[in-house]
Amino acid sequence: MTAHDIPLFKHFAIELHSDCNRDCFFCPRHSDTSGKRKDRQGRHVRESLPTEKVLDLLDQVKAMGYRGKINFHHLSEPFLDKRLIPLAREARKRGFACIIHTNGDILRKNYKLSRVAARVFSEITVGLYDYKNSVQESIQKTFWRFFLRGTDIHFSKIDNMYPRHGAPVCLSTVSGYREKVEQCVEQPCFMMREQCIVHYDGNVAVCCEDFKDEFDVGNVHRQAIADIWRSPRHTEIVKTLALPGGRKKYSLCRECPFPAEIVSHTIGKN
């Protein structure tokens, strides 16, 4: 496989900033005191990707031929950034549809903003983390379907079957977790050729689990997205992980509990 054989990504995400108003125990940022999400004292890092770079990235991926959706989210709460709606509108001007993931806290308190968001984003995924039973879950879903009517609504919930790599140990010890990891490590993974995520600091992550930039494929402040995507480093990763057992070469992939088939389902949805 050469760099020219790598297909264009099917999912492109730009994380506008680094912060979140929550500190959920199941989220990778909860225990990250590396300086990426929190500092050594546990204080939240608050940095942003410059607006001019966000606009430049939109132009770059359009020039590459990307026509998929733009997701302004990774591990931060996107509605904390007042640039979110204006930048989503800029993406729409360039012909992109926009999607977003949110914990809903800010939207819940601002009906006007929720109505604007429902018009700007073609799909909104809301995290449901606070319900205690099926009745409360149903009530929350009904609320959001009304509050965000006019757009495609999805919901994310805590899923103990597929805890994120790097999450607190309590999730890693749920029944069947180790068995899933051992089964998946022999499977190929195609996520690296499907996703491209730009973090708030410009570092490029090659899958949703690469939240600490462990693969170190490049930074958009120093390189063009096309050069990062088609680089020898990224090409080697894609080639290796496409092989059965290829996950064993990388420490992050050796502990990943996501089966190969979940990739096509996730990317297809987005």
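Where is the place of Lys36? In this predicted model, Lys36 is found in the loop between E1 and helix H1 (51-63). The close-ups below start there and move on to the strands and the cores.

**View 1. Lys36, a buried lysine in a loop.** The relative accessibility of Lys36 is 8%, and buried means under 20%, so this lysine counts as buried. Setting aside neighbours within four places in sequence, you will find Lys36 in contact with Val45, His199, Tyr200, Asp201, Asn203, Phe211 and Asp213.

**View 2. Polar partners of the Lys36 side chain.** Let's look at two of the contacts in detail. The side chains of Lys36 and Asp201 are joined by a polar contact of 2.7 Å. With the side chain of His199, Lys36 makes a polar contact of 3.1 Å. Along the sequence, Lys36 and His199 lie 163 residues apart, while their C-alpha atoms are 9.8 Å apart in space.

**View 3. Strand E6 and its parallel partner E1.** Here we turn to E6, which spans residues 195-198. Strand E1 (residues 11-14) runs parallel to E6, and four bridges join the two. If you would like one pair to focus on, take Ile14, whose bridge partner in E6 is Val198. Which residues cover the two faces of E6? Gln195 and Ile197 lie on one side, Cys196 and Val198 on the other, and all four are buried.

**View 4. The hairpin of E6 and E7.** Strand E7 (residues 204-205) pairs with E6 in the antiparallel sense, over two bridges. Ile197 stands opposite Ala205 of E7. Five residues lie between the two strands of this hairpin. For those who like to check backbone torsions, Gly202 in the turn has a positive phi of about 95°.

**View 5. The largest nonpolar core and a second, separate one.** The largest nonpolar core holds 58 residues, and the members that touch the most others are Phe12, Phe72, Phe121 and Ile225. Helix H2 (residues 84-93) gives the most to this core, contributing five residues. A second core, separate from this one, has five residues, among them Cys24, Phe26, Cys27 and Phe211.

**View 6. The surroundings of Ile225.** What does Ile225 touch, not counting residues up to four places away in sequence? Its contacts include Phe9, Phe12, Leu57, Val61 and Met64. Cys196 and Val198 of strand E6 also touch Ile225, as do Gln60, Val204 and Val220.

Note on methods
Residues numbered from 1 in each chain as written. Predicted model: local features only at pLDDT ≥ 70, side-chain atom pairs only at ≥ 80, totals over all residues. Heavy atoms only, no water. Core = buried A, V, L, I, M, F, W, Y, C linked by side-chain atoms within 4.5 Å. Buried < 20%, exposed > 50% of the residue type's maximum accessible area, 1.4 Å probe, protein only. Contact = heavy atoms within 4.5 Å. Pairing = 2+ DSSP bridges. Polar contact = N/O pair within 3.5 Å; in protein donor to acceptor, adjacent residues only side chain to side chain.
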